[in-house]
Amino acid sequence: MPRRIESLFLAGPAGRLETLLEEPEHQAPVEAALACHPHPQFGGTMHNKVVYRIARGLRRAGCVVLRFNYRGVNLSQGEYAEEIGETEDARVALGELRARYPELPVMTAGFSFGARVALRLAAQEASIRRVIVAGFPTRIAERSFLIDVRVPKYFVQSTHDQYGPRTDFLPFYESVPEPKHLDWVEASDHFFAGALDQFEALVQRIGAAR
C-alpha cells in the first residue's frame, strides 16, 4: 500500500502547530509514536537529523510517527516557553495522534531537549506505554518529573555526548526508576555523528520489541 504522508496544522495552546504525519512504508501501523525535537533556541526543529532517524527507524518498525515543531519554530506560532509550554504543544500533538489511531498503543520518543519533553509528557499521560530517550542532556539539573515515569524507558546515549557525558550519565541513569534499559552508541558527539546508521538501526530494534 502507498505510504501516507500528511502535513497539517493543529490548534495549539499558543497558536497553530506545524506537524508531519507519516505511516509505515509497507504495512498498516501497529503502534503510534510522537517524536519530539531538540531545543528550539539552539536550532532544533522536527527536521533535525537525529529526530528524522528516530522517525524513520520507528516507521520501519511498524509505527505511524507524528513529528511537530514547538511554538515559535518555523511555521508554528508562539514563543519559547521554558519546556513547560513545549510539553503542552506535545500534548496537543499526542491528542491528534490518539484521535486518528484510537486502536493503537502510543509511545513517545525524543532527542536531547525533546527527550525531556517526551519523558515529562509520559509522566502526565496514562495512555503512553513507553518512551525512547535519545541523547538525554544530564547537564540540565532539573529532572524531578522522572520519578513519575513508570513505563518502560529506553535510553540511547552517545559514548561521546558532550551534554550527557558518561561520567554524568551513569549516576543519573542509576537514579531513574525501573523499568529502564540503556544502549550506548559509539559516536563522536551528542548528535551521534559518524553513527547515525547504527543509531537508526537500534531505534528500529527498540521500536519492534513490543
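**Reading the crossings, cores and turns**

Reader: Why is the crossing of H1 and H5 called right-handed?

Author: The crossing of H1 and H5 is right-handed because the near helix is turned clockwise from the far one by less than a right angle; an anticlockwise turn would be left-handed. The helices and strands named here are DSSP runs, numbered from the N terminus, with at least four residues for a helix (H or I) and at least two for a strand (E). Please keep in mind that this is a predicted model, in which local features need pLDDT of at least 70 and side-chain atom pairs count only at pLDDT 80 or more, while totals for chains, interfaces and linings use all residues. Residues are numbered from 1 along each chain as its sequence is written, and side-chain values use heavy atoms, with hydrogens and water left out.

Reader: What makes H1 oblique to H5?

Author: The axis of H1 comes within 8 Å of the axis of H5 (residues 196–208), and the two cross at roughly 40°. Such axes are lines fitted to C-alpha atoms, for helices over the stretch in contact, with angles from 0 to 180 degrees between N-to-C directions. Angles under 35 degrees count as roughly parallel, over 145 as roughly antiparallel, 65 to 115 as roughly perpendicular and the rest as oblique. The value for this pair falls in the rest, so H1 is oblique to H5.

Reader: Which residues of H1 and H5 meet?

Author: On the H1 side they are Lys49, Val50, Arg53, Ile54, Arg56, Gly57, Leu58 and Arg60, and on the H5 side Leu196, Asp197, Phe199, Glu200, Val203, Gln204 and Gly207. Contact here means heavy atoms within 4.5 Å. By class, there are six nonpolar, three polar and six charged residues, where Ala, Val, Leu, Ile, Met, Phe, Trp, Tyr, Cys and Pro count as nonpolar, Asp, Glu, Lys and Arg as charged, and the others, Gly among them, as polar.

Reader: How do you know that Arg53 is buried?

Author: Arg53 has a relative accessible area of 16%, and buried means under 20%, exposed over 50%, and partly exposed in between (1.4 Å probe, protein chains only). The value is under the cut-off, so Arg53 counts as buried. Arg53 lies in H1 (residues 49–60) and, leaving aside neighbours within four places in sequence, is in contact with Leu196, Asp197, Phe199 and Glu200.

Reader: Now the other helix pair, please. What makes H2 roughly perpendicular to H3?

Author: The axes of H2 (residues 84–100) and H3 (residues 113–124) come within 9 Å and cross at roughly 65°. That value is where the perpendicular range begins, so H2 is called roughly perpendicular to H3. H2 passes H3 in a right-handed crossing. The residues in contact are Ile84, Glu86, Thr87, Ala90, Arg91 and Leu94 of H2 with Phe113, Val117, Arg120, Leu121 and Gln124 of H3. Six of these are nonpolar, two polar and three charged.

Reader: Why is Leu121 called buried?

Author: Its relative accessible area is 0%, so Leu121 is buried. Leu121 lies in H3, and its contacts beyond four places in sequence are Leu34, Thr87, Ala90, Arg91, Leu94, Thr108 and Ile128. Its C-alpha atom is 11 Å from that of Gly85, 36 residues apart along the chain.

Reader: What makes a set of residues a nonpolar core, and which members of the largest one touch the most others?

Author: A core is a set of buried Ala, Val, Leu, Ile, Met, Phe, Trp, Tyr and Cys residues joined through side-chain atoms within 4.5 Å. The largest has 40 residues, and Leu34, Leu119, Val131, Phe136, Leu146 and Phe155 touch the most other members. Elements giving two or more residues to this core include E1 (5–12), E2 (15–22) and H4 (166–175). H3 supplies the largest share, seven residues. A second, separate core has 25 residues, among them Phe192, Ala195, Leu196 and Ile206.

Reader: Asn74 and Ser112 both have positive phi. How do you know whether each is buried or exposed?

Author: Asn74, with phi near 50°, is in the loop between E4 and H2. Its relative accessible area is 53%, so Asn74 is exposed. Ser112, with phi near 60°, is in the loop between E5 (106–111) and H3. Its relative accessible area is 11%, so Ser112 is buried.
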